[in-house]
Amino acid sequence: VVGVGQDITNFRKAMQRSLLIAEDLTRVIDTANAPIFGIDPQGLVVEWNLKAAQVSGWRKEDALGKPLVDTFISGSYRSEVSRVLHNALQGSDTANFEFPLFSKDGLRREILLNA
């Protein structure tokens with residue numbers, strides 16, 4: 001029997017540091033004083049912080065996996081918001097794009113999007 005071993009001590013330490021950084025970033029996003037949402041390439045919600053839940057009335061658990069534009073953006077703004085988000089997913093930055101978001105209980109909220 002021949003065995004081959006490898007010292008993975010440094011790898012383990014790097015993984016632990018990476019996990020701590022990821023946890024810290026998650027806390028920053030969750031507790032930010034601004035609504036933060038994330039979407040995947042199909043436009044489905046993959047991140048929804050506490051402020052987004054407060055502003056929209058939608059709990060994170062209820063928002064995750066839903067199509068952002070079709071679910072949370074009023075019909076007259078869907079095309080424009082879709083374009084901005086598509087461009088952001090392609091790497092183009094957008095600063096100070098204003099659009100209305102209607103909360104779960106029907107209140108109109110003015111959102112300033114930076115993507």
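**Exercise 1. Find the volume of the largest cavity, then describe its lining.**

Solution. Let's start with the space itself: the largest cavity has a volume of about 60 Å³. Keep in mind that this is a predicted model.

Step 1. Search the whole structure with a threshold of 30 Å³ or more, and one cavity turns up.

Step 2. Now pick out the residues around the largest cavity: P35, F37, W48, A52, V55, S56, L101 and I111 line it.

Step 3. Sort that lining by element. Helix α2 (residues 50–56) gives the largest share, three residues.

Step 4. Sort the lining by class: seven residues are nonpolar, one is polar and none is charged.

**Exercise 2. Work out which residues and elements line the largest pocket.**

Solution. Step 1. Begin with the volume, which is about 240 Å³ for the largest pocket.

Step 2. Go to the centre. The lining has 14 residues, and P35, F37, L113, N114 and A115 are the closest to the centre of this pocket.

Step 3. Look for elements that contribute two or more lining residues: these are β1 (37–39), α5 (78–89) and β4 (108–113).

Step 4. Classify the lining of the largest pocket, and you get 12 nonpolar residues, two polar and no charged.

Step 5. Compare your lists. P35 and F37 appear in the lining of the largest cavity, and P35 and F37 are also among the residues closest to the centre of the largest pocket.

**Exercise 3. Repeat the analysis for the second largest pocket.**

Solution. Step 1. The second largest pocket holds about 170 Å³ of space.

Step 2. Its lining counts 13 residues, with I39, P41, Q42, G43 and L89 closest to the centre.

Step 3. Two helices, α4 (68–72) and α5, each supply at least two residues of this lining. The largest share, four residues, belongs to α5.

Step 4. By class, the lining of the second largest pocket comprises seven nonpolar residues, five polar and one charged.

**Exercise 4. Locate the largest nonpolar core and follow one of its well-connected members.**

Solution. Step 1. Count the members: the largest nonpolar core has 19 residues, and those with the most contacts inside it are W48, L68, F72, V81, L85 and F99.

Step 2. Assign them to elements. At least two core residues come from each of β2 (45–48), α2, α4, α5, β3 (97–102) and β4.

Step 3. Follow V81. Leaving aside residues up to four places away in sequence, V81 touches V69, I73, F97 and F99.

Step 4. Link back to the cavity: W48, one of the core residues with the most contacts, also lines the largest cavity.

Technical notes:
Residues numbered from 1 in each chain as written. Predicted model: local features only at pLDDT ≥ 70, side-chain atom pairs only at ≥ 80, totals over all residues. Heavy atoms only, no water. 1 Å grid on protein atoms, 1.4 Å probe; cavity = no way out; pocket = protein on both sides within 12 Å on 5 of 7 lines; lining within 4 Å. Points joined across faces, edges and corners; volume = space filled by probe spheres on them. Nonpolar A, V, L, I, M, F, W, Y, C, P; charged D, E, K, R; others polar. Core = buried A, V, L, I, M, F, W, Y, C linked by side-chain atoms within 4.5 Å. Buried < 20%, exposed > 50% of the residue type's maximum accessible area, 1.4 Å probe, protein only. Contact = heavy atoms within 4.5 Å.
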